[in-house]
Amino acid sequence: MAPRDRGATDPAGRRELLTPGDVARTIARMAHQVIEKTSLDASEARPVVLLGIPTRGVPLARRLAAKIAEFTDVTVPTGTLDVTLYRDDLRRRPTRPLGATELPASGVDDALVILVDDVLFSGRTIRSALDALRDAGRPRAVQLAVLVDRGHRELPIRADYVGKNVPTARTEEVSVLFAEIDGRDAVLLNRGDTP
Amino acid sequence: MRHLLGADRLDADTALAILDTADGLKRTLLGREVKKLPTLRGRTVITMFYENSTRTRVSFEIAGKWMSADVVNVSAGGSSVGKGESLRDTALTLAAAGADCVIVRHPASGAAHRLAGWLSDVGTCVVNAGDGTHEHPTQALLDAATLRDRLGGIDGRRIGIVGDVLHSRVARSNVHLLTTLGAEVVVVAPPTLLPTALADWPVSGLTVSYDLDAELPTLDAVMMLRVQAERMHGGFFPSAREYAVHYGLNATRLAMLPEHAVVLHPGPMLRGMEIAHAVADSPRAAITEQVANGVHVRMAVLYHLLAGEEDQA
Amino acid sequence: MIVLKNVRPYGEDAVDIRVEDGVITEIGKDLTAGEIFDAQGAVALPGFVDLHTHLREPGREDTETIETGSRAAALGGYTAVFAMANTDPVADNAVVVEHVWRRGREVGLVDVHPVGAVTVGLKGEKLAELGTMARSQANVRLFSDDGLCVADPLIMRRALEYTKALDAVIAQHAEEPRLTVGAQAHEGETAARLGLAGWPAVAEEAIVARDCLLARHVGARLHVCHVSTAGTVDVLAWAKARGTRVSAEVTPHHLLLDDSRLATYDPVNKVNPPLRGHSDAAALRQALADGVVDCVATDHAPHAPQDKDCEWSAARPGMLGLQTALGIVVKTMVEPGLLDWRGVARVMSERPAEIAGLPDHGRPIAVGEPATLALVDPDARWTVDGAALASIAGNTPYEGMELPGAVIATLLRGRFTARDGKVA
């Protein structure tokens, strides 16, 4: 329990699980794992594409790509994959605006696609992403990278790269903040309705 | 959004959200071989057309099918609609049969509003696909989508709507939507084809003119309305020839428009009457883009109506 | 013998009224009798006379019958109603008008006077047998093609001329047919926005002006049905000022409602002539107060649900009026101070009785006069419920509206026809 107790609690009652420094270190570690697992820096490496799932999978994919470039001088094509139209829970929430799907010019056919999202929870978003990806092309293989895995899977889905495993209660909420969108980097735990 | 009955009830945020969704759908489907999204799987959409309009019905049908909805077409010819069943009974029957959305085209102004009232208890949503001489909101949305593509935006643009405004639901919907989105709209027609007291309409940014030539150089876009055959014999103007001379968009008038200006027409066109052949086929005309945008806009409308929580206001 | 205790004739000082053999025999204080009706300070008015009622019998007994319409009339304070001729078959002959008259007598709740059609089949082409209807048992004195206009100026001239010999009056539904082809709603900003074909005010005003000129030319009387526009008020004022023998009625709905109600497209608001603009309604209220418009007539028009619960253009025009007329008059005329209770007696009873030539209606509340009265609780307020009205049809535009003034009793020649909200 030590990590969870480490962060400070903000005025909204959210506990900081990862500080900006933690976020940067975690992403760097994930970048190394990607390089290692995909042999990105090998001489005859096969194409790899990072696809961020809006909203916060997008900056995460870009940062991973930047770190990979920093460590290897390899530029990994990066794009975005919106899954809204493929969700199975549309009727449970107010109408969602669509996010952007922007595939790299090289496309995804025969590439190793790494889906990138901020938090892995039920797995439904990733299932939607797999459906969306099928309509976008035919990758050689698909992997998954997430900054936080908080458990409570409802589908047989697991991540290939996990920044941090965070055991949570179902009522709790995990928020990932990125400076590009939120003005600062952090991972917060909101205890939800529980006192 | 529970129903789409008229552009008069659309606020700018909702209209822009629909246009953005249409844009997103267009980009998503661009270059795809299989134009099929699973979004509305299991939802039933019924088109109920009491007037013939192949283009609008097909556009809605494709929109529904590309979103994986089950689309059923009811036409006045092939059902109890033609046997004198009341609109209310037909609507309640279709709702009871499980329609999640009814898309209605009807010759009576207000028919879609009435349907929405009768279906208020059953949760079926209603899309107005043209009611009498009242509104045709999806046409206005697709026109707005086309103008956004061509002009980069609508706010602050000056748009002319020319022709039989009196009997045009397309004109009414566009007047509401384009002014809501910040455009200046000038309606140009002979006085006999203008609705009563246009100047008193609770719409800001709307002006009226009888003189097309005077307006053309000021316009960013001109929307030519169809002149229906029955109007030609209704004494609204002396002859088709005189109408074409005064209000038709020919090559000379096309040259009076600014370089960047766009020509729209909701179709079907009467070439040689309100629009000259050469104008309709010129690169300034966005008429085929309008048709393409029609599908994406109608997909977006179905998405906003059917892909959210059920009991949204 | 009945004594009406504690009534206020025309809203003035409270008295007791003794009624014997259908006639007022004594007005005073502390009268006693076998049957006492304590009116608790209700306003006594002469029983109301409606020059414009659609009772739908014969032909549309699914929406109203002479019996149910008579009940609605009695509950609304009416003691005489004029049943319009647009029945099926049309009341353009003695057989039909005598049938209506007889049925009215059998029901006995209100004097039902049939209106005869001006032209055969309401077609506007050939005069109906006006004289035969006038001399029938029904004693027709009011002729109208209501619902349709006698548009042909020559036919109208002949009708006006011919009725001079019958001591009768032509009641014109003023609607220039060419100007109202396909018309669905008042031609104005609202209808234009809603895409409803316009019914222009000038289509009424042009016919009223023409008919006033014709009536003056041939020296005949003219009655203008359901005046709906400010322009018609001007025409009437002008015609009256130059001595034309013209009278006019206004409906309660044109006094109260306007075309702002159309936004829902609910055809309960569809009526002919249509609900007009806000300023028209204001002009009509003033004209009624000034006497330029003589009286209130309901244009009570029951319609079946399937003829209203449909799209606007398919719906039939018309709305119920008999039981809500007084409340609307109180709301639009009495409460704002445009009419006092004597004024109400004038516009609801005295003038219409005079226009139609009814000798025993619209009489003063005085000894020796018929005890044909409406007793009104001026302080009561009630909520309109279409299903609870006596008519078979329920097409009231006032559903859920709270109205002031309730009729607590109606007497026709000394007999209660309605009492405490129930038909007696």
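The following paragraphs lead through a predicted model with chains A, B and C, from the contacts between chains to the packing of helices within chain B.

Begin with how the chains meet. Chain A and chain C do not touch, and their nearest C-alpha atoms are 27 Å apart. Two pairs of chains do touch, and of these the pair of chains B and C has the most contacts.

Between chains B and C, 20 residues of chain B are in contact with 19 residues of chain C. On the chain B side, at least two residues each come from helix 3 (87–96), helix 4 (111–118) and helix 6 (169–180). Helix 4 of chain B gives the most to this side, with three residues. Sorted by class, the side of chain B that touches chain C holds nine polar, six nonpolar and five charged residues.

The other pair is chains A and B, where 13 residues of chain A are in contact with 17 residues of chain B. Here the side of chain A that touches chain B consists of six nonpolar, five charged and two polar residues.

Chain A itself has an average pLDDT of 90, and 94% of its residues score at least 70. Residues 1–5 of chain A have a pLDDT below 50, and beyond near neighbours in sequence this stretch makes four contacts in the model. Further along chain A, an unreviewed UniProt entry annotates residues 113–125 as "short sequence motif: PRPP-binding". Over residues 113–125 of chain A, 62% of the chain is strand and 15% is helix. The C-alpha atoms at the two ends of this stretch of chain A are 16 Å apart.

Chain C also carries an annotation. In an unreviewed entry, UniProt places the feature "binding site" at C:Asp146, C:His173 and C:His226. These residues span 81 residues in sequence, yet no two of their C-alpha atoms are more than 9.9 Å apart, so they gather at one spot. One of them, C:Asp146, lies in the loop that runs between strand 8 (142–143) and helix 4 (153–163) of chain C.

Now turn to the inside of chain B. Two packed helices are described by the distance between their axes and the angle between them. For helix 1 (residues 12–29) and helix 12 (residues 287–306) of chain B, the axes come within 8 Å and cross at roughly 120°. Helix 1 and helix 12 of chain B are therefore oblique to each other. The crossing of helix 1 of chain B past helix 12 of chain B is right-handed. Helix 1 of chain B contributes residues including B:Ala17, B:Thr21, B:Leu25 and B:Lys26 to this contact, while helix 12 of chain B contributes residues including B:Asn293, B:Val297, B:Ala300 and B:His304. By class, the residues of the contact of helix 1 with helix 12 of chain B are nine nonpolar, four polar and one charged.

Helix 1 of chain B also packs against helix 5 (residues 137–151) of chain B: their axes come within 10 Å and cross at roughly 65°. Helix 1 and helix 5 of chain B are therefore roughly perpendicular to each other. This crossing of helix 1 past helix 5 of chain B is right-handed. The contact is made by B:Ile18, B:Leu19 and B:Ala22 of helix 1 with B:Leu141, B:Ala144, B:Ala145 and B:Arg148 of helix 5 of chain B. The residues of this contact between helix 1 and helix 5 of chain B are six nonpolar, no polar and one charged.

Methods:
Residues are numbered from 1 along each chain as its sequence is written. Chains are lettered from A and ligands numbered from 1 in the order in which they are written. This is a predicted model: local features need pLDDT of at least 70, side-chain atom pairs count only at pLDDT 80 or more; totals for chains, interfaces and linings use all residues. Two residues are in contact if their C-beta atoms, placed from the backbone, lie within 7 Å. Ala, Val, Leu, Ile, Met, Phe, Trp, Tyr, Cys and Pro count as nonpolar, Asp, Glu, Lys and Arg as charged, and the others, Gly among them, as polar. Helices (H or I, at least four residues) and strands (E, at least two) are DSSP runs, numbered from the N terminus. pLDDT is the predictor's confidence in each residue, from 0 to 100. UniProt positions are given in the numbering used here, feature names are shortened, and annotations may be inferred rather than shown by experiment. Axes are lines fitted to C-alpha atoms, for helices over the stretch in contact, and angles run from 0 to 180 degrees between N-to-C directions. Angles under 35 degrees count as roughly parallel, over 145 as roughly antiparallel, 65 to 115 as roughly perpendicular and the rest as oblique. A crossing is left-handed if the near helix is turned anticlockwise from the far one by less than a right angle, and right-handed if clockwise.
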